[in-house]
Amino acid sequence: MFSWNGVHVCKKCRQPPAEGEKLRYCKGCKMAYCGVDCQRADWETHKLDCEAIRENKREGEVYNKANGLGGGGKEMRLALLGWYDTVPHVMMEVLCLAWRHRASSPVIKVTTSADGADAHAPLITVVPRSAWAASGNATAAANFFDRAGFHVDTDYVVTFDLLHPGSEAWPKGHIQQMGFNSCMPTLIENLEAQVRQHSATYSAAQPAATRVHLTGLRGAAHFNGREGEVRADPANSERVIVRLGDGTELSVKADNCEVIRGMVRLVGLVRAAHINGSEGVVCGMSPANPERVMVRLADGVKVSVKRENYELIINR
């Protein structure tokens, strides 16, 4: 099934069904079409994929059963996708990241932790093919990307590893092919234009200096929102020096700095605790969610994280 912004759409034309009509589904693999014309037009391509889709579902159900994981039945899959459709920002953020990084054939990974703290703000990770191809999930992802009808300009892949309360019966490690809407280039252009109003343009290379926004200052509240370059405070290891554009220098706590560009260290992640301590470059605000930033790690994986999940690295 393909979906876009909470609306299920036709695999062929990427459009929802006409008003008053319902999607039609392939009997073999349940792929959705808006009508007979699109289903017939897509058959030459789809017939090559249909058995592979069914086989992938069978393998997933066998794996889940053998490992005591969520059943993966139709109702549970729909419950998982229903959650995904309704969590604020998440679907649009995944959509934007999948489009922006489509040239690297990424899997977009959505994860939550058992304590439920991130159920409404899951960790979103961009895993390029160079990384997922070397992982234990390479076969499952390749089953999608290597299909004859799959194209990175029209299709993308999302995996879900959800542990928050209420998700116990949902399939674990569920992998889903989704489709870009036909107006995707215009949509992304508009979204990224909004993001650029709040974010600098970032190069792929590691920046020479860390740039920050000042925030949360009380005694010098008039400096909040100002931007500058940061370096270590030689007189106080718990503070940093921020040099503003007019040459003014302030000694502030790291908590009063929101990174725009520079090196950070990941901390406090629960579901992805294995990457705590990893260092990376802040390479922009997270699309469709201004409360997060994208951090590019050394292996090329990009992670969407909240302010409390990274700390500044200052060259001393």
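These exercises work through a predicted model of one protein chain.

**Exercise 1. The chain as a whole**

Task: find how many helices and strands the protein chain has, and what share of its residues is buried.

Solution:
- The protein chain has seven helices and 17 strands.
- Of its 316 residues, 47% are buried.
- About 15,900 Å² of the protein chain is exposed, and carbon and sulfur atoms supply 51% of that area.

**Exercise 2. Helix H3**

Task: check the span of helix H3 (residues 74-86) against 1.5 Å a residue, then work out where its buried residues lie.

Solution:
- Start with length. H3 has 13 residues, so the expected span is 18 Å. Its end C-alpha atoms are 18 Å apart, which agrees.
- List the buried residues: Arg77, Leu80, Leu81, Trp83 and Tyr84.
- These cover an arc of only 150° around the axis, so they sit on the same side of H3.
- Recall the general rule: an α-helix has 3.6 residues a turn, so residues three or four places apart point the same way.
- Turn to the face away from the buried side. Lys74, Glu75 and Thr86 are there, and they are exposed.

**Exercise 3. An aromatic pair**

Task: classify the ring pair of Trp132 and Phe145, and decide whether each residue is buried or exposed.

Solution:
- The count of aromatic pairs is four.
- The ring centres of Trp132 and Phe145 are 5.2 Å apart. Their planes meet at 25°. Stacked requires under 30 degrees, so this pair is stacked.
- Place the partners: Trp132 is in helix H5 (residues 129-132), and Phe145 is in helix H6 (residues 138-145). They are 13 residues apart.
- Apply the cut-off for buried, under 20% relative accessible area. Trp132 has 4%, so Trp132 is buried. Phe145 has 9%, so Phe145 is buried.
- Ring pairs also bring in Phe150, giving a cluster with Trp132 and Phe145.

Definitions and conventions:
Residues are numbered from 1 along each chain as its sequence is written. This is a predicted model: local features need pLDDT of at least 70, side-chain atom pairs count only at pLDDT 80 or more; totals for chains, interfaces and linings use all residues. Side-chain values use heavy atoms; hydrogens and water are left out. Helices (H or I, at least four residues) and strands (E, at least two) are DSSP runs, numbered from the N terminus. The expected span of a helix is 1.5 Å times one less than its number of residues. Buried means under 20% relative accessible area, exposed over 50%, partly exposed in between (1.4 Å probe, protein chains only). The arc is that of the directions from the helix axis to the C-beta atoms. Accessible areas come from the Shrake-Rupley method with a 1.4 Å probe; for residues, only the protein chains shown count as cover. Rings of Phe, Tyr and Trp (its six-membered ring) pair if their centres lie within 6.5 Å; planes under 30 degrees apart count as stacked, over 60 as edge-to-face and the rest as tilted.
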